[in-house]
Every structure is written in C-alpha cells, then in structure tokens.
Amino acid sequence: MTIDYSAIKTLHLICVGISLSGFCWRAWRVLQGQAIPKALQRLPHLVDSLLLASGFTLLWQTEFAWLQQTWMLIKLSALPFYILFGALALNYSAPQYRRRYLVLALATALAMVLLATLKPQ
C-alpha cells in the first residue's frame, strides 16, 4: 500500500500551521498568567506526533534522499532547540526568562520554516 506523497505533504504542512499557531496561543496565555484549559493540554502532543510522523513518512517515501540536502540537516538539527526553547518558554523556566525563550523558540521555528520554503543550497 502506497501513501500519496502530496497528501502526506499536505498533512505535514497543516500540522506545521496548527502546531505553530497553538504554540503562539499557549505562549500568549502563559505570558498573560492564564491557565491553559485542561481539554487543550493534550492536543499539542497529538498534533506534534502527527507532524513528526508525517515528516518521517515523507523522508521514508523519498528513501531519505532529503538527508543529503544541507538545509534539511540544518532544519532537523534545529528541531531539538525549538523543542527545548518552547518547553522553557511555556513551562520550565522562571517567569522573567519566559519571553527570552519564547523569542528563541519563535526564531528557531521561523528559521526552520524558511529553510523548508527556500531550500538554500
């Protein structure tokens, strides 16, 4: 059974949009001192799992050819930093440092989106 590449890529791009929008919304709530509703606390894990699974599926379908591209290696190397900065911005840092980590997380996310969009050689 083959999965249509364009369908997986569309799912991946939708998940990117939802993930980044959700992160910005959660960050805004945290910076305002507002709690994130319990019903929405697990949603980012589902979306990010779909995002990673679709990304891995795209790599697998292309027989990991994208890993020969420098921009992809940089993008994948930036992912753990985005996760770290995001976690520090939302949960695991003192309140006075959260804005700094938020800026770092958003800058890292922007860099990853630009790398994927522009695909510099």
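In this predicted model, Val47 makes contact with Cys15, Ile18 and Ser19, once neighbours within four places in sequence are set aside. Val47 belongs to helix H2, which spans residues 43–61, and its relative accessible area of 9% marks this valine as buried. A separation of 36 residues in sequence lies between Val47 and Ile83, and their C-alpha atoms are 14 Å apart in space.

One of the contacts of Val47, Cys15, leads on to the cysteines. Cys15 is buried, with a relative accessibility of 4%. The cysteine sulfur closest to that of Cys15 belongs to Cys24 and is 16 Å away, so the distance is too far for a bond. Seen from the other side, Cys24 takes part in no disulfide either, the sulfur of Cys15 being its nearest cysteine sulfur at 16 Å. Cys24 is partly exposed, and its relative accessible area comes to 38%. Because a disulfide requires two cysteine sulfur atoms within 2.5 Å, the 16 Å between Cys15 and Cys24 rules out a bond here. The count of disulfides for the model is 0.

Turning to the aromatic residues, the whole structure holds 4 aromatic pairs. Among them is the pair of Phe81 and Phe85, whose ring centres are 6.3 Å apart and whose planes meet at 35°, a tilted arrangement. Both residues sit in helix H3 (residues 70–90), and because they are 4 residues apart there, about one helical turn separates them. Their surroundings can be described as well: Phe81 is partly exposed at 47% relative accessibility, whereas Phe85 is buried at 17%.

Arg98 offers a charged residue to look at. This arginine lies in helix H4, which covers residues 98–118. Arg98 is buried but forms no salt bridge, and the nearest side chain of opposite charge, that of Asp48, is 17 Å away. A salt bridge calls for a side-chain nitrogen within 4 Å of a carboxyl oxygen, so Asp48, at 17 Å, does not provide a partner for Arg98. What does the side chain of Arg98 reach? The answer is the backbone oxygen of Asn91, at 3.4 Å. Leaving out residues up to four places away in sequence, Arg98 also touches Val30 and Leu31, together with Leu88, Ala89, Leu90, Asn91 and Ser93. Asn91 thus appears twice in the description of Arg98, through its backbone oxygen and in the list of touching residues.

Conventions: Residues numbered from 1 in each chain as written. Predicted model: local features only at pLDDT ≥ 70, side-chain atom pairs only at ≥ 80, totals over all residues. Heavy atoms only, no water. Helix = DSSP H or I, 4+ residues; strand = E, 2+ residues; numbered from the N terminus. Buried < 20%, exposed > 50% of the residue type's maximum accessible area, 1.4 Å probe, protein only. Lys, Arg positive; Asp, Glu negative; His and termini not counted. Polar contact = N/O pair within 3.5 Å; in protein donor to acceptor, adjacent residues only side chain to side chain. Contact = heavy atoms within 4.5 Å. Phe/Tyr/Trp six-rings, centres within 6.5 Å; stacked < 30°, edge-to-face > 60°.
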